[in-house]
Amino acid sequence: MSSIYAVPFTTDASILCTRNVLGLVGVWIVYKVFQALYNVSPFHPLSGIPGPKLAAATYWPEFYHDVVRFGCYSKEIRKMHETYGPLVRINPNEVHCSDITFADEIYAVGGRKRDKPLHQINGSALGQAGFGTVSHDLHRSRRAPLAKFFSRSMIARLEPEIHILVQKLCSKLLSQSGDNEAFDITMAYSCFTSDAISGYSFGSSFGLLDQKGWFPNFREPTAALLRPVFVFRFFPILKAAAGLGKYMVDYMPESIAMFVRTLQIDMPTRVRQAKADLDAGITYDRPTIFASLLQSDLELLDKEPQRLADEAAAVIGAGTETTSWALSVMTYHLLTKPELLAKLTAELRTVITDPQHLPDWTVLESLPYLGAVIQEGLRLSYGVSSRTARIPTEENLIYRGEWNKKPVEHVIPQGYAVGMSAVITHHDERTFPDSYAFAPERWLDENNQRRKHVERSMLAFSKGSRGCLGMNLALCELHLCLAGLVLRVIPHMRLQDTTEEDLAYDHDMFIPMTKHDRGVRVTIE
Ligand code: HEM
């Protein structure tokens, strides 16, 4: 008997359930259609900004190019600018700008508040780091205790350690002389930059330059944090799953395990160690970033190990990848353009007699050609390639420019995101003619003086209150390291099976990626 009643009951329940689900899906579709219609209607506050209708209506184009094709939306945005002008609407709630003269409005300083868009922050696995903070005010309170570590005077105190690391890097590279096996020089540079920032952060460095060879390094953990950036942007719930991941880390595919291990295990362990050192009264000659954060007047909640672990991953990730890729780009161009290398070598020899004892950063900074090579390397390595947007929360932004020889004016209402991308700005042919060529001369005038208006057109470190925190450290590392490499190592270095394609920007992973990610392979003779 029971089975006679059970069958119709199950069938009814499942029909009802299916109907409910279909009903909900239907309501969702109708809602989305109305939302898309509103987005393209004249009632939407961004209706005056030009751009493709589909991108204004929905996030589908961004999803397709960034998630399905992986990191390709910047290339589409570049094409949109060619069709629609200096301001384009790239999704229902975001505008993109290609005109550098508007950058100081977008990335403002002073009391002008700039949130980061939630859609952008969703992509960051480091949601509790200053870098991953939406609110202007909360970001300010998180950035302030870190910022003092990156002032020029603090970097000057750190400089003796950078000198030691530069020499260690050069000697280790030279010790590979005669070894015919090619390796990716970016790995070596990454070990150098990681050792510098990790030592500064925790008191003792990762010691990657002391190990045999160039593996492990912090490139893979950084890539593991960045790889899911676009998926997280659209499905932020997946980030929460990573929180549970530490219990299953041994059973995951290696790239996901690396992500979980870095964020959930390695970085919290480092932060806990910094706290234990502090509690045990262990101090270092120079204050370290994380001991100081733990002692600072940050809210107690902001000193939680997981929050500080996010901050540590942000600082170490940001301090490793960008600088090492910039050095690789410079190395490639110096190796393929002997006339540039000869000119730079001659200039360096005017202030350096013994390359194992480099002069101070301030002395190297006064060398115009060295500065020009570094600027050009930063321009063509881009720093961050994905667009980075800001939301003016308390004022409308008014853009006045020109398109097709006619004046244009647009209002970006407060509360809406507007951003720029180095991969687009750095190829503005009006400022950087023949923009794909590596030409340090473009940064100097006929009197060998820096061309300030060209420098103002750079976006490598971003700008404003949320721009790069580590710029002084990066510049100090770049000046010292390039000087040491040019005089000690590059004369013995040979490129192996590496072409322009191995440097050329192909797509985004927040940072710029090349088509095959093969690196810059070299041997040392
Ligand atoms: C060539 C070297 C570097 C380049 C091109 C670069 C570029 C950038 C850019 C473009 C941003 C802004 C990202 C955004 O708008 O979302 C940024 C932020 C940041 N950078 Fe760098 N960076 C470099 C080196 C460093 C170094 C050595 C550090 C050392 C700690 C560092 C730490 C940071 C931090 C902490 C932020 C987040 C700042 C905030 O949100 O307040 N960077 N960097």
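**Helix α18, the ligand shell and two partly exposed residues**

The buried residues of α18 are covered by several helices, including α15 (305-336), α16 (338-349), α17 (361-365), α20 (452-455) and α21 (471-489). The model is predicted. Helix α18 itself runs over residues 368-381 and has 14 residues. Its first and last C-alpha atoms are 20 Å apart, close to the 20 Å expected at 1.5 Å a residue.

Cover over α18 is extensive in the sense that twelve of its 14 residues are buried. The buried set contains Leu370, Gly371, Ala372, Val373, Ile374 and Gln375. Glu376, Gly377, Leu378, Arg379, Leu380 and Ser381 are buried as well. In an α-helix there are 3.6 residues a turn, so residues three or four places apart point the same way. After α18 comes tyrosine 382. The phi of tyrosine 382 is positive, near 70°.

The ligand has 25 residues around it. Those that come nearest are Gly319, Gly383, Thr388, Cys468 and Gly470. Two helices named above as cover for α18, α15 and α21, also take part in the ligand shell, each with at least two residues. The largest contribution is that of α15, which supplies seven residues. By class, the shell holds 14 nonpolar residues, nine polar residues and two charged residues.

Cys468 is among the residues that come nearest to the ligand. In an unreviewed UniProt entry, the feature "binding site" is placed at Cys468. The residue sits in the loop between α20 and α21. Both of these helices are also among those covering the buried residues of α18. Cysteine 468 has 18 other C-beta atoms within 10 Å, and is therefore partly exposed, as 20 or more would be needed for a buried residue and 12 or fewer for an exposed one. With neighbours within four places in sequence left aside, cysteine 468 is in contact with Phe461 and Ser462.

Arginine 272 belongs to helix α13, residues 254-279. Arginine 272 counts as partly exposed because its C-beta neighbours inside 10 Å number 13, and an exposed residue would have 12 or fewer. Arginine 272 and leucine 308 are 36 residues apart in sequence. In space, their C-alpha atoms are 9.5 Å apart.

Definitions and conventions. Residues numbered from 1 in each chain as written. Predicted model: local features only at pLDDT ≥ 70, side-chain atom pairs only at ≥ 80, totals over all residues. Helix = DSSP H or I, 4+ residues; strand = E, 2+ residues; numbered from the N terminus. Expected span 1.5 Å × (residues − 1). Contact = placed C-beta atoms within 7 Å. Near = placed C-beta within 6 Å. Nonpolar A, V, L, I, M, F, W, Y, C, P; charged D, E, K, R; others polar. UniProt positions renumbered as here; feature names shortened; annotations may be inferred.
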